[in-house]
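Welcome, and please get your viewer ready. We will go from one selection to the next and look at what is there.

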Amino acid sequence: MPDAESDVNIRLTSDEALVLFDWLHRCEDERQVVQPAHEGERAALFNLSALLERELVEPFQ
């Protein structure tokens, strides 16, 4: 796991995070997003989705 010094922090409002989360999952569901061929890209998108899931409660209410 990366240490805190190598992390990159991106600040989003709650609304922005919710829109991004919804868009990512809607594109996945509608198969509009082609799965990246590169393993690093797949991991980055998976991790982004997981981070958004941990932070947001609205999609699960």
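In which helix is Ser49 found? Select Ser49 and you land in helix α2, which covers residues 39–55. Keep in mind along the way that this is a predicted model.

**Stop 1: Ser49 and its surroundings**

Is Ser49 buried or exposed? Its relative accessibility is 10%, so Ser49 counts as buried, the cut-off being under 20%. Now show the side chain of His25 as well: a polar contact of 3.0 Å joins the side chains of Ser49 and His25. If you set aside the neighbours of Ser49 within four places in sequence, Ser49 is in contact with Phe21 and His25. For a distance label, pick the C-alpha atoms of Ser49 and Leu20: these two residues are 29 apart in sequence, and 9.0 Å separates them in space.

**Stop 2: the nonpolar core**

Which residues make up the largest nonpolar core? Select Ala17, Phe21, Leu24, Leu52 and Leu56, and you have its five residues on screen. Helix α1 gives the most to this core, with three residues. Phe21 should look familiar, as it is one of the contacts of Ser49. Next, centre the view on Ala17. Apart from neighbours within four places in sequence, Ala17 is in contact with Leu12, Leu52 and Leu56.

**Stop 3: Leu12 and the surface patch**

Follow that contact out to Leu12, which lies in the segment before α1, the helix of residues 14–29. Leu12 has a relative accessible area of 41%, so Leu12 is partly exposed. Add Val8 and Ile10 to the selection and turn on a surface: with Leu12, they form a nonpolar patch there. Together the three residues have about 340 Å² of accessible area.

**Stop 4: along helix α1**

Glu16 is the next residue to pick, and it is found in helix α1. Glu16 counts as partly exposed, because its relative accessibility is 42%. What does the side chain of Glu16 reach? Display the backbone too, and you can trace that side chain to the backbone nitrogen of Thr13, at 2.8 Å.

Then move to Asp22 and Arg26. Side chains of opposite charge can pair when their charged atoms come close. Here Arg26 forms a salt bridge with Asp22, and the closest N and O atoms are 2.8 Å apart. Both residues lie in helix α1, four residues apart, which is about one turn of the helix. Arg26 is partly exposed at a relative accessible area of 36%, and Asp22 is also partly exposed, at 41%. How many salt bridges does the structure hold? The count is one.

**Last stop: the whole chain**

Zoom out and colour by secondary structure: the protein chain has two helices and zero strands. Of the 61 residues in the chain, 13% are buried; Ser49, where we began, counts as buried. Finally, switch on the surface of the whole chain. About 5,600 Å² is exposed, and carbon and sulfur atoms supply 53% of that area.

Key: Residues numbered from 1 in each chain as written. Predicted model: local features only at pLDDT ≥ 70, side-chain atom pairs only at ≥ 80, totals over all residues. Heavy atoms only, no water. Patch = residues over 30% accessible without salt bridge, like charges linked within 9 Å, V, L, I, M, F, W, Y side chains within 5 Å. Areas by Shrake-Rupley, 256 points an atom, 1.4 Å probe, with all protein chains shown as cover. Salt bridge = Lys/Arg side-chain N within 4 Å of Asp/Glu carboxyl O. Buried < 20%, exposed > 50% of the residue type's maximum accessible area, 1.4 Å probe, protein only. Core = buried A, V, L, I, M, F, W, Y, C linked by side-chain atoms within 4.5 Å. Contact = heavy atoms within 4.5 Å. Polar contact = N/O pair within 3.5 Å; in protein donor to acceptor, adjacent residues only side chain to side chain.
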